[in-house]
Structures are given as structure tokens and as C-alpha cells.
Amino acid sequence: NYTHGMSEASVRILESRYRHVAQIATRRYFNPGTESRIPCFTAPDDKQFFARGAISIDPIETQISKLNQALVAGRFFESGDIRVCMLSTDLAYRQNLSVGDTLRFLGVELKIVGLLDPTIVNSQIMDLSGKPITPQTFYRPSLNLDNPDHLLASETIFVPAALARDEIPAPFPAFTVVLTPNRASPEQVSAQATVLRAWLNEARR
């Protein structure tokens with residue numbers, strides 16, 4: 001659903017059903033739509049700037065989209081992170097921000113823990129569909145619901161999944177749930193092979 005995302009109930013069902021057999025990454029997007037922008041503020045001078053959207057991601061994205069490959073300063077999100085964020089280097093440069101600085105986003109103060117190369121994010125970090133992982137946007141005149149584009153890294157705030165899920169969940173519908181099957185152990189492979197051999201022997205009779 002381009003505009004409303006998945007229901008939280010659907011996300012919980014997927015997480016409950018597959019958590020024992022797969023690694024699960026849920027991406028939540030906040031895109032105010034059309035020409036709207038999100039006011040943000042640097043701290044402590046309270047200088048205002050704007051973003052066009054935000055994405056919340058799990059630390060496990062290092063194994064899925066490999067967004068960490070775009071990291072050029074600081075670190076990627078870790079388990080337990082909540083009130084932190086990552087920015088593209090060009091957005092940080094324009095606002096005179098760097099790793100360790102603080103900004104206010106949707107009323108919440110976030111510490112900048114990492115900076116991302118916008119060229120890599122925009123051209124190399126793709127979803128399974130082959131599209132960028134940043135939120136979809138419809139404010140460019142040539143685009144519509146059937147032909148959506150995606151925000152540039154410089155227009156996006158990157159926040160941890162726990163922030164969107166637990167502290168400011170209302171604006172962040174879940175648009176993507178990525179399931180990555182757990183790698184089977186040699187013992188599991190051997191056991192499954194035994195089952196298949198028995199099934200084939202039975203089928204030949």
C-alpha cells in the first residue's frame with residue numbers, strides 16, 4: 001500500500017510466525033507527502049532545517065540491504081539504540097552537523113551516530129525490488145501512485161526501528177518486512193536429507 005503501509009497486526013503476525021526460522025527486518029517510513037517537509041532543529045542553537053521523510057531500520061540491515069557499506073563516519077545502528085540517527089554527509093555538512101551532535105526530530109532529541117555517503121545510498125543500496133530503500137515520494141510533478149520515486153539520502157533522516165516502534169510510532173507505518181531464512185546447520189541438512197531419502201524410497205515402491 002503506497003499510502004498507508006501494513007497494519008501493525010500484519011507485522012506482528014509475520015514476526016510471530018517466522019521469528020524462529022528467519023531473521024526479520026521491518027522498515028517503517030514517514031513521508032508527510034506532496035510538498036510537505038519535516039521541520040528539524042539542531043541543538044543547542046535551535047537552528048531549523050527540513051527533511052522530506054524518514055526511514056526506521058533494524059541493525060540487521062547490515063545483512064540485508066547492506067546499508068552499512070555507505071557508512072563513512074561513526075557507526076551503524078546497534079541493538080538497544082533508540083534516540084539516535086544517521087544522516088547523509090551532504091545534509092550534515094549543510095547544517096554544520098557531525099557525529100556526536102544532537103538534533104530534534106518530531107519533538108525527540110536524537111544523537112547523530114553515523115554519516116552515510118549519499119552517492120552510495122542513492123545508487124547502490126537497493127531493496128529486493130531493485131528500488132532504493134528510502135521512502136517513496138510523490139512531490140515531483142512527473143510522478144504518481146503508479147510510478148513512485150524515492151527520496152534522496154540528503155532528504156531523509158535514518159532512525160532505529162525501536163524509536164519508530166516504541167517512542168513515536170504514529171507517523172511510521174510499516175511498508176516492508178524482510179524475511180531472511182536462517183542458515184541450516186550441517187546436522188539439519190543431514191536430517192532433512194534422511195527424510196527426503198525415505199520419502200523417495202517410499203515413492204518408488
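Me: Is Cys40 buried or exposed?
Reply: This is a predicted model, so every value here is computed from it. A residue counts as buried under 20% relative accessible area. Cys40 has 0% relative accessibility, so the term that fits is buried.

Me: How many disulfides does the structure hold?
Reply: A disulfide needs two cysteine sulfur atoms within 2.5 Å. For Cys40, the nearest cysteine sulfur is that of Cys85, 8.7 Å away, and Cys40 is in no disulfide. Cys85 is in no disulfide either. The count for the structure is zero.

Me: What is the relative accessible area of Cys85?
Reply: Cys85 has Cys40 as the nearest cysteine sulfur, 8.7 Å away. Cys85 is buried, because its relative accessible area is 0%.

Me: How many strands are in the chain?
Reply: The chain has 205 residues, and buried residues make up 41% of them. Helices are present too: there are five. The strands number 12.

Me: Which residue in β4 is the bridge partner of Tyr29?
Reply: Strand β1 covers residues 22-30, and eight of its nine residues are buried. Three bridges join β1 to β4, residues 53-57, and the two run antiparallel. In β4, the partner of Tyr29 is Ile55.

Me: Which strand gives the most to the largest nonpolar core?
Reply: In soluble globular proteins, nonpolar side chains tend to be buried together. The largest nonpolar core here has 21 residues, and Leu87, Leu103, Phe105, Leu110 and Ile157 touch the most other members. Several elements each supply at least two residues, among them β2, β6, α2 and β11. With four residues, the top supplier is β8.

Me: Which residues does Leu87 touch, not counting those up to four places away in sequence?
Reply: Leu87 is one of the residues that touch the most other members of the largest core. Contact here means heavy atoms within 4.5 Å. The list for Leu87 is Ala92, Leu97, Leu103, Ile112, Gly114, Leu115, Leu116 and Ile157.

Me: How many residues are in the second, separate core?
Reply: This core includes Leu67, Phe76, Phe77 and Leu116. Phe76 and Phe77 are both buried. The core's residue count is 17.

Me: Why is the pair of Phe76 and Phe77 called tilted?
Reply: A pair of aromatic rings is described by the distance of the centres and the angle of the planes. Planes under 30 degrees apart count as stacked, over 60 as edge-to-face, and the rest as tilted. The Phe76 and Phe77 centres are 5.8 Å apart, and the pair is tilted because the planes are at 45°.

Me: What distance separates the C-alpha atoms of Leu91 and Ser154?
Reply: Leu91 is in helix α2. Its relative accessibility is 0%, so Leu91 counts as buried. Beyond its neighbours within four places, Leu91 is in contact with Phe49, Ser154, Thr156 and Ile157. Leu91 and Ser154 are 63 residues apart along the chain, yet their C-alpha atoms are separated by 5.2 Å.

Me: Is Thr134 buried or exposed?
Reply: Thr134 sits in the loop between α3 and β9. Residues it touches include Tyr29, Val121, His150 and Phe158. At 1% relative accessibility, Thr134 counts as buried.

Me: Among contacts between residues at least 6 apart in sequence, what share joins residues at least 24 apart?
Reply: Leu91 and Ser154 give one example of a contact. They are 63 residues apart along the chain. For the chain, the share is 68%.

Conventions: Residues numbered from 1 in each chain as written. Predicted model: local features only at pLDDT ≥ 70, side-chain atom pairs only at ≥ 80, totals over all residues. Heavy atoms only, no water. Buried < 20%, exposed > 50% of the residue type's maximum accessible area, 1.4 Å probe, protein only. Pairing = 2+ DSSP bridges. Core = buried A, V, L, I, M, F, W, Y, C linked by side-chain atoms within 4.5 Å. Phe/Tyr/Trp six-rings, centres within 6.5 Å; stacked < 30°, edge-to-face > 60°.
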